[in-house]
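Please walk through this protein chain with the model open beside the text, beginning with a pair of strands and moving outward to the way the chain is divided.

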Amino acid sequence: MKQFISVHDVTDINALAAKALAYKADPLADHQLGWNKRIGLLFLNPSLRTRLSTQIGARNLGMEAIVFNVDKEGWALEFEEGAIMSGNTVEHVKDAAPILGQYFDILCIRTFPSLKNREDDYSEMFINQFIKYAGVPVVSLESATLHPLQSLTDIITIRESLLASPLPAGKKPKIVLTWAPHIKPLPQCVANSFSQWINAWGEAEFVITHPQDYELDEKFTKGATIITEDQDAALKDADFVYVKNWSTYTDYGKIYENDPAWMLTEEKLALTNQAKVMHCLPVRRNVELSDEVLDSQHSLVTRQAGNRVWAAQAVLSEILKSSY
Ligand code: CP
């Protein structure tokens, strides 16, 4: 693996997920693999899980991990080609990235979208500029449109859950991605990425449900079994329910309808097949999901967040192995 930006960088999702679960069983199995290698974790936006789990995964492989909060501690970066830098930006990415490429063997980056200009965000200019100029493998810690480490974790968690509680032979799990209310306009990254990975995985009946005006980019959702605005119908007999808010894609970055009735409650969960409930976190309790659901035996969210370590470790291991 030369980089990890989307599902297209993975040749075999099940093999990568199995590798992650093998690391979960034996975290230090490859503790020498990253000896004398250094990983840089650059954050242009806040993080709890991604930051810490990637550091732990790197350390389990023997790597030195250095975190740099670019947004708070670095010079303001310019990303536009040909920019006349007479404004607030101090350093161009084409100057900074090659230096980071000398300091680090792997460069990991988190950037969020502006949610103001769809074309800019969906061009993935920030992460693509790092890929272009760093000269070392780049790992996305969430970009403007995708969150691949989260999605790999999600598939690991679903597979782990199915191993513990198998479905009847030959039955594909019904996985429902449902929109949930939120007080702020949020990126589409997690929903885009989850859709992209579940579609590429191809081992589920995949249903997406959202209110009118919240359609995602078809590039990511194409392949879903059904996309519906009827949440109750979508939830019927679901085995897994993935809850996530996102802002509008078509009239970009807005909150339109924000009906509290879309929150996942015990009543809604009763429509499912005793579904396991997932969310990437952080979650707004009693806005996106009720306390009763989050604190119930149905919730996988804590295990899901724990699995972030093994997803990161599996990805870094693949990159290290291909760079020897
Ligand atoms: N799910 C996720 O990416 O969490 P953080 O934003 O805390 O890293």
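Two strands are taken to pair if DSSP finds at least two bridges between them. With that criterion in mind, and remembering that this is a predicted model, one can turn to strand 7, residues 174–179, and strand 8, residues 205–209, which run parallel and are joined by five bridges. Within this pairing, Leu177 of the one strand stands opposite Ile208 in strand 8.

These two strands belong to an open sheet of five strands, whose order is 9-8-7-10-11 and whose pairing is parallel. At its edges stand strand 9 (226–228) and strand 11 (276–278), and because each of them has a single partner strand, one side of each is left without a neighbour in the sheet. Direction ignored, neighbouring strands of this sheet are turned against each other by 20° on average.

Helices lie against this sheet, and helix 7 is one of them: it lies across strand 7, strand 10 (240–244) and strand 11, running at about 155° to strand 10. Helix 8, made up of residues 189–201, also packs on the sheet, where it touches strand 7, strand 8 and strand 10, and its direction makes about 165° with that of strand 7.

A closer look at helix 7, which spans residues 148–164, brings us to Ser161. Is Ser161 buried or exposed? Its relative accessible area is 5%, and since a residue counts as buried under 20%, Ser161 is buried. Leaving aside residues up to four places away in sequence, Ser161 touches Phe240, Lys276, Leu300 and Arg303.

On the scale of the whole protein chain, the division is into domain 1, which takes in 7–146 + 307–323, and domain 2, which covers 150–305. The centres of domain 1 and domain 2, taken over C-alpha atoms, are separated by 25 Å, and the contact takes 28 residues from domain 1 and 33 residues from domain 2. About 2,700 Å² is buried between the two domains, and carbon and sulfur atoms give 62% of that area. On the side of domain 1, Leu115, Tyr122 and Asn307 supply 25% of the area that this domain buries against domain 2, which is more than any other three residues supply.

How many salt bridges are counted between domain 1 and domain 2? The count is one. Turning to individual side chains, Glu160 forms a salt bridge with Lys24, in which the closest N and O atoms are 2.6 Å apart.

Definitions and conventions
Residues are numbered from 1 along each chain as its sequence is written. This is a predicted model: local features need pLDDT of at least 70, side-chain atom pairs count only at pLDDT 80 or more; totals for chains, interfaces and linings use all residues. Side-chain values use heavy atoms; hydrogens and water are left out. Helices (H or I, at least four residues) and strands (E, at least two) are DSSP runs, numbered from the N terminus. Buried means under 20% relative accessible area, exposed over 50%, partly exposed in between (1.4 Å probe, protein chains only). Contact means heavy atoms within 4.5 Å. Axes are lines fitted to C-alpha atoms, for helices over the stretch in contact, and angles run from 0 to 180 degrees between N-to-C directions. Domain bounds come from an automatic or database domain assignment. Buried area is the accessible area (1.4 Å probe) that two parts lose on being put together, summed over both. A salt bridge is a side-chain nitrogen of Lys or Arg within 4 Å of a carboxyl oxygen of Asp or Glu.
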